[in-house]
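Me: I would like a close look at one part of this model, with its surroundings described afterwards. The structure is shown here.

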Amino acid sequence: MIDLTPESVQAYLRAAYGEDARLLDLGSIGTLDKQGIKRFGYGKPLLVHFEVGGQRREGVLSIMRGDKYGHQFYWDRAAILMFQYETSARLPRHVRPLGLGYVDEADRLVPVAAPKEFFILNEKLEGYDYFVDLDRIRNGGFRPADVEQARAFARWLAEVHATKKDDADLYYRHVRNLLGASECIMGLVDEAFPHPCEFLPDAAFVALEKRLIDWRWRLRGFSHRLSAVHGDFHPWNVLVDGAGGFSVLDRSRGEWGEPAGDVATMAANYLLFGLLSSPEQGLLAGPFETLWRAFFKEYLERSGDQDCLRAMAPFFVFRALVIVSPEWYPDHPLPVRRALVRFLTHVLEDDIFDWRHVNRYLE
Ligand SMILES: Nc1ncnc2c1ncn2[C@@H]1O[C@H](COP(=O)(O)OP(=O)(O)O)[C@@H](O)[C@H]1O
Ligand SMILES: [Mg+2]
């Protein structure tokens, strides 16, 4: 346990910003009740109001919580926060880090000798989580501006992904992690499902992992595609302003990767919210199908990258495993889980992802 007190935050601000730094207020942000259907968050961010040289500032202080997805030890968590501290400012629209430090054995916050736990201090962004909009749409409040918002995400991704890097080994590592990392597919299979699982028998998990090996070897031929990526572009990591603007949080798992991963991540959530809108039907229709189409069409036009559809399937498997998991999403109706299972099984059967006919994978 870490005892995080106003006194320790005050002492940190003095150490980081100088003797005239003063803590004004400390509050919680992004508490569980604001997280909607996604129950299993990593962090517990704290809103920090402070003053330096008479100027008011605010920041968000985050200490990662440990979990069984490869974050059991403080050095696992430190690596992630160091990655975010180093690379976040290089991604347009991403929250800017203000400080990195560790909690020492006396629960002091120290800007990095005797670490016990790491923390990151980020600037405070305006806006609200994008999933709030998706909830509104699910409840019948779809607006034309929602389509424009989805297109804006697609344009931004196309711009980010336009930065390429020639490093085949990093691409192999990215794909290897997609399958084998504790945070990704195999970690989810081991940890995010009961075994046996009501809607996915263990034999089906085994078959899935075997098919993914074929995909790993196929993706080996795509290493020239290595691009700048966000790495976790989902509706809980995007803050929108309700007028088309947005910013992003929680860049993840490396600065470089396969662009199809970011596309699949947001698209999988349009699929999820669509299925939740009419659980019994088990198909994508209505406003979320409109968003799905607008998002794909815009991305493909802007990026010109039709080949991303050749790499997308295993990234959909990863994201579908997250959103179908009873641990991450305890409240889905069974027909929604069954539809997601059909999706993640069938999506691996096509070499090229057929985004225009997504319902083929759901039937
Ligand atoms: N720098 C920030 N500015 C504004 N809001 C933030 C900031 N950091 C986190 N939040 C809010 O807190 C929520 C959870 O924070 P986050 O670090 O993303 O935790 P987790 O990844 O565990 O969900 C976010 O969805 C967002 O609403
Ligand atoms: Mg997050």
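Which residue in β5 does Y102 stand opposite? Please set the answer within the sheet and then continue to the other parts of the chain.

Reply: In this predicted model, Y102 stands opposite V110 in β5. The pair belongs to the contact between strand β4, residues 97-104, and β5, which run antiparallel and are joined by 2 bridges. Helix α1, residues 6-17, packs on the sheet and touches β1, β2 (46-52), β4 and β5. The direction of α1 makes about 130° with that of β1. A second helix, α2 (residues 74-87), also packs on the sheet, where it touches β4 and β6 (115-123). The direction of α2 makes about 25° with that of β6.

The geometry of α1 can be checked against its length. At 1.5 Å a residue, its 12 residues should span 16 Å, and the end C-alpha atoms of α1 are indeed 16 Å apart, which agrees. After α1 comes G18, whose phi is positive, near 110°.

The sheet as a whole is open and consists of 6 strands in the order β1-β2-β3-β6-β4-β5, with antiparallel pairing. Its edge strands are β1 (22-28) and β5 (109-110), each of which pairs on one side only. Strands of a sheet pair through backbone hydrogen bonds, in either a parallel or an antiparallel sense. Within this order, β4 is joined to β6 by 7 bridges, and these two strands run antiparallel. Here G99 has L121 in β6 as its bridge partner. On the other side of β6, strand β3 (residues 55-62) pairs with β6 in the antiparallel sense over 4 bridges. In that pairing, the bridge partner of G59 in β6 is E123.

A further sheet is formed by 3 strands in the order β7-β9-β10; it is open, and the pairing is antiparallel. Strands β7 (128-129) and β10 (246-248) stand at its edges with a single partner strand each, so one side of each is left without a neighbour in the sheet. Between β7 and strand β9 (residues 238-240), which run antiparallel, there are 2 bridges. D129 has L239 as its bridge partner in β9.

Turning to the helices, a packed pair is described by the angle between the two axes and the distance between them. For α8 (259-277) and helix α11 (residues 313-324), the angle is about 40° and the axes are 9 Å apart. The two helices are therefore oblique to each other, since this angle is neither under 35 degrees nor within 65 to 115. Helix α8 passes α11 in a right-handed crossing. On the α8 side, A260, G261, A264, T265, A268 and L272 take part, and they meet F315, F316, R319, A320 and I323 in α11.

Two individual residues complete the account. R211 is placed in helix α7, residues 202-220. With 16 other C-beta atoms within 10 Å, R211 is partly exposed. R211 and P314 are 103 residues apart in sequence, and their C-alpha atoms are 9.6 Å apart in space. E280 lies in the loop between α8 and α9 (286-303). E280 counts as exposed because it has 7 C-beta neighbours inside 10 Å, and the limit for an exposed residue is 12 or fewer. From C-alpha to C-alpha, E280 and F296 are 25 Å apart in space, with a sequence separation of 16 residues.

Technical notes. Residues numbered from 1 in each chain as written. Chains lettered and ligands numbered in written order. Predicted model: local features only at pLDDT ≥ 70, side-chain atom pairs only at ≥ 80, totals over all residues. Buried ≥ 20, exposed ≤ 12 C-beta atoms within 10 Å, placed from the backbone. Pairing = 2+ DSSP bridges. Contact = placed C-beta atoms within 7 Å. Axes fitted to C-alpha atoms, helices over the stretch in contact; angles between N-to-C directions. Expected span 1.5 Å × (residues − 1). Parallel < 35°, antiparallel > 145°, perpendicular 65-115°, else oblique. Left-handed = near helix turned anticlockwise from the far one by under 90°.
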